[in-house]
Amino acid sequence: MSGKKSYRELSLSTRPILVPGAYDALSARIAELVGFEVVIVSGYATTASLMAKPDFGLLTQTEVITTARYIAQSVGIPVIADADTGYGGPINVIRTVRELEAAGVQGMIIEDQLWPKRCGHMTVSYTHLRAHETVLDLVCRLLLDKKKQ
């Protein structure tokens, strides 16, 4: 990294580190050019920029890894990534970690939660979901409840 600190070195500092979210190589370069020391591949921002949709888990593992690779190749600062829930079971999490490392990412956030994900900053939540219920089950149940009223 030619004189730049690694994410590990920066994270050991006692001072706070402001980390902007990037959604493509250009936004990451801008963050670096204005002086940020680290950038995160933001799941919310990436979903919004690629699909104009909220972050409800619509991005695939491949889309996140590809975006992370483009970002890591475009900047000289550490990149961390929002890896959602790891995109499946334990074997998928292992693959996600390995692929993101190969893409040049130095750190990642993996959420330990059930699918579908619950995103606290979204206007719609899945708090009405029961254990082992799919979104389709929920919609059908809510429609039936509404019909009964």
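Two strands pair if DSSP finds at least two bridges between them. Keep that cut-off handy for the sheet exercises, and remember that this is a predicted model.

**Exercise 1. Work out how the strands are ordered in the sheet, and which of them sit at the edges.**

Start with β1 and β2: 2 bridges join them, and they run parallel. With a cut-off of at least two bridges, that counts as a pair. If you want a residue to click on, A22 has V41 in β2 as its bridge partner.

Next, go from β2 (residues 39-41) to β3: here there are 3 bridges, again with the strands running parallel. V41 turns up once more, with A81 as its bridge partner in β3.

Then take β3 and β4 (residues 107-109), which pair in the parallel sense over 3 bridges. A81 stands opposite M108 in β4. To get from β3 to β4, the chain goes through helix α5 (residues 90-102), and this β-α-β crossover is right-handed.

Put the pairs together and you have an open sheet of 4 strands in the order β1-β2-β3-β4, with parallel pairing. β1 and β4 are the edge strands, since each pairs on one side only.

**Exercise 2. Sort the residues of β3 by the way they point, and say whether they are buried or exposed.**

First, the background: side chains in a regular strand alternate between the two faces of the sheet.

Now apply it to β3, which covers residues 79-82. V79 and A81 point one way, while I80 and D82 point the other way.

Finally, check burial: all of these residues are buried, whichever way they point.

**Exercise 3. Find what the buried residues of helix α3 pack against, then look around T47.**

Step one is to list the buried residues in α3 (residues 43-51): G43, A45, T46 and T47.

Step two is to look at what they pack against, namely β1 (21-22), β2, α4 (61-74) and β3.

Step three zooms in on T47, which is found in helix α3. Its relative accessible area is 0%, so T47 is buried. Skip the neighbours within four places in sequence, and T47 is in contact with A52, K53, P54, D55 and L59.

**Exercise 4. Decide how α4 and α5 are arranged relative to each other.**

Begin with the axes: those of α4 and α5 come within 10 Å and cross at roughly 20°. Angles under 35 degrees count as roughly parallel, so α4 and α5 are roughly parallel to each other. As for handedness, α4 passes α5 in a right-handed crossing.

Then pick out the residues. On the α4 side you'll find Q61, I65, A68 and R69, and these meet N92, R95, T96, E99 and L100 in α5.

One more α4 residue is worth a look: T66 is found in this helix. Its relative accessible area is 28%, so T66 is partly exposed. The C-alpha atoms of T66 and A103 are separated by 7.8 Å, although the two residues are 37 residues apart along the chain.

**Exercise 5. Compare the places and burial of A52 and Y87, two non-glycine residues with positive phi.**

Take A52 first. Its phi is positive at about 55°, though A52 is not a glycine. You'll find A52 in the loop between α3 and α4. With a relative accessible area of 68%, A52 is exposed.

Now Y87, with a phi near 70°. Its place is in the loop between β3 and α5. Y87 has 19% relative accessibility, and the cut-off for buried is under 20%, so Y87 counts as buried.

**Exercise 6. Sum up the whole chain: its elements, its burial and its long-range contacts.**

Count the elements to begin with: the protein has 6 helices and 4 strands. From the N terminus on, they run α-β-α-β-α-α-β-α-β-α.

For burial, 36% of the 149 residues in the protein are buried.

For contacts, consider those with a separation of 6 or more: residues 24 or more positions apart account for 62% of them.

Technical notes
Residues numbered from 1 in each chain as written. Predicted model: local features only at pLDDT ≥ 70, side-chain atom pairs only at ≥ 80, totals over all residues. Heavy atoms only, no water. Buried < 20%, exposed > 50% of the residue type's maximum accessible area, 1.4 Å probe, protein only. Right-handed = clockwise from strand over helix to strand, strands pointing away. Contact = heavy atoms within 4.5 Å. Axes fitted to C-alpha atoms, helices over the stretch in contact; angles between N-to-C directions. Parallel < 35°, antiparallel > 145°, perpendicular 65-115°, else oblique. Left-handed = near helix turned anticlockwise from the far one by under 90°.
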